[in-house]
Amino acid sequence: MNSPSGVIPTPQVLLRNEIHLFLWNARQVFPVNIFKCECYVNLQSNVRDVITVPFCHFIEISTRVDTIWSKSSKSIDVNTTPMNTELCIQFSQMNPQGIPYRDNFEVTGLYCSVLFSNISTDEAAGASPSTGTLELIGKEPEKRGKKSSLKGAGGPMSCGPLHHHICEAIVKAPKVHEAKKTFNVLIDSKIIQNCHKIKVSRLKDGGDEFGDPVSIPFVTYLPMNT
């Protein structure tokens, strides 16, 4: 069909108009919780600093992140720990609905990928970006030279790949390596290099730990479970 001006609209224009109408008619408010990642970085050999980055989607520590960084910088830092390395992860468990039920767990293991996601991969569990939980997924390499261990209220336990819901966590290299090794972190679309520790938690109003949790209201066309 010709437009009033006599110009035939392209498929891209038609799609753009339909998307505009779809968004314009959106009326369902869906709050998405915002988290923060405090990155403890090595600026120089004897100088450390903390970089705080808010995020709403995910944090990733993996071989893929190292590959992205090396391609973008065209260089490899000899002090940066390659993945398939030992990491210590401390966290408190929650159920998918955001109710705490186990505190002070500590996992030390060999991982090729560690992911904190605000969008759950387990839809049946009922988790969503509005519950205030992150999904922690840790993948071990196929050949493990050392078993992971999990310490908690019940004592040390053997541990395979990680899959938990958490609200805050600390990731670092084991103490024996902490002063020498670092890792790269992808936070949404930003890479922070040379981290020797990261702390993940909810972003609070005014930066105060006693403030109200911060969320962003997204508007959707169809209602979403909250």
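This is a short walk through one protein chain, from its overall make-up to a few individual residues.

Hi everyone, thanks for coming. One thing up front: what you have on screen is a predicted model.

Let me begin with the whole chain. It has 226 residues, and 41% of them are buried. The secondary structure consists of three helices and 14 strands. If you take contacts with a separation of 6 or more, 68% of them join residues 24 or more positions apart. As for the surface, the accessible area is about 13,700 Å², with carbon and sulfur atoms contributing 56% of that.

Now for the inside. Which residues have the most contacts within the largest nonpolar core? They are Ile59, Phe116, Ile187 and Ile198, in a core of 29 residues. As general background, nonpolar side chains in soluble globular proteins tend to be buried together. Let's stay with Ile59 for a moment. Beyond its neighbours within four places in sequence, Ile59 touches Cys37, Val114, Leu115, Phe116, Val185, Leu186, Ile187, Ile198 and Val200.

Cys37 on that list deserves a stop of its own. Its relative accessibility is 0%, so Cys37 counts as buried. Is there a partner for it? Well, the closest cysteine sulfur belongs to Cys39, at 3.7 Å, and because a disulfide needs the two sulfurs within 2.5 Å, that is too far for a bond. A search over the whole structure likewise returns zero disulfides. Cys56, by contrast with buried Cys37, is partly exposed, at 30% relative accessibility.

Next, Leu162, in strand S11, which covers residues 162-172. Leu162 is buried, at 2% relative accessible area. Setting aside neighbours within four places, its contacts are Ile89, Val107, Tyr111, Leu136, Ile137 and Gly138. Lys139 sits 23 residues from Leu162 in sequence, and their C-alpha atoms are 6.6 Å apart.

Here is a polar residue for you. Is Asn194, in strand S13, buried or exposed? At a relative accessible area of 14%, Asn194 is buried, because the cut-off for that label is under 20%. Its side chain makes a polar contact of 3.5 Å with the side chain of Thr182.

Last stop, helix H1, residues 11-24. With 14 residues at 1.5 Å each, H1 should span 20 Å, and its end C-alpha atoms are indeed 20 Å apart, so the two agree. How many of its 14 residues are buried? The count is zero, so to speak a helix that is hardly covered.

That's my tour; happy to take questions.

Technical notes: Residues are numbered from 1 along each chain as its sequence is written. This is a predicted model: local features need pLDDT of at least 70, side-chain atom pairs count only at pLDDT 80 or more; totals for chains, interfaces and linings use all residues. Side-chain values use heavy atoms; hydrogens and water are left out. A nonpolar core is a set of buried Ala, Val, Leu, Ile, Met, Phe, Trp, Tyr and Cys residues joined through side-chain atoms within 4.5 Å. Buried means under 20% relative accessible area, exposed over 50%, partly exposed in between (1.4 Å probe, protein chains only). Contact means heavy atoms within 4.5 Å. A polar contact is a pair of N or O atoms within 3.5 Å; within protein, one must be able to donate a hydrogen and the other to accept it, and residues adjacent in sequence count only if both atoms are side-chain atoms. Helices (H or I, at least four residues) and strands (E, at least two) are DSSP runs, numbered from the N terminus. Accessible areas come from the Shrake-Rupley method with a 1.4 Å probe; for residues, only the protein chains shown count as cover. The expected span of a helix is 1.5 Å times one less than its number of residues.
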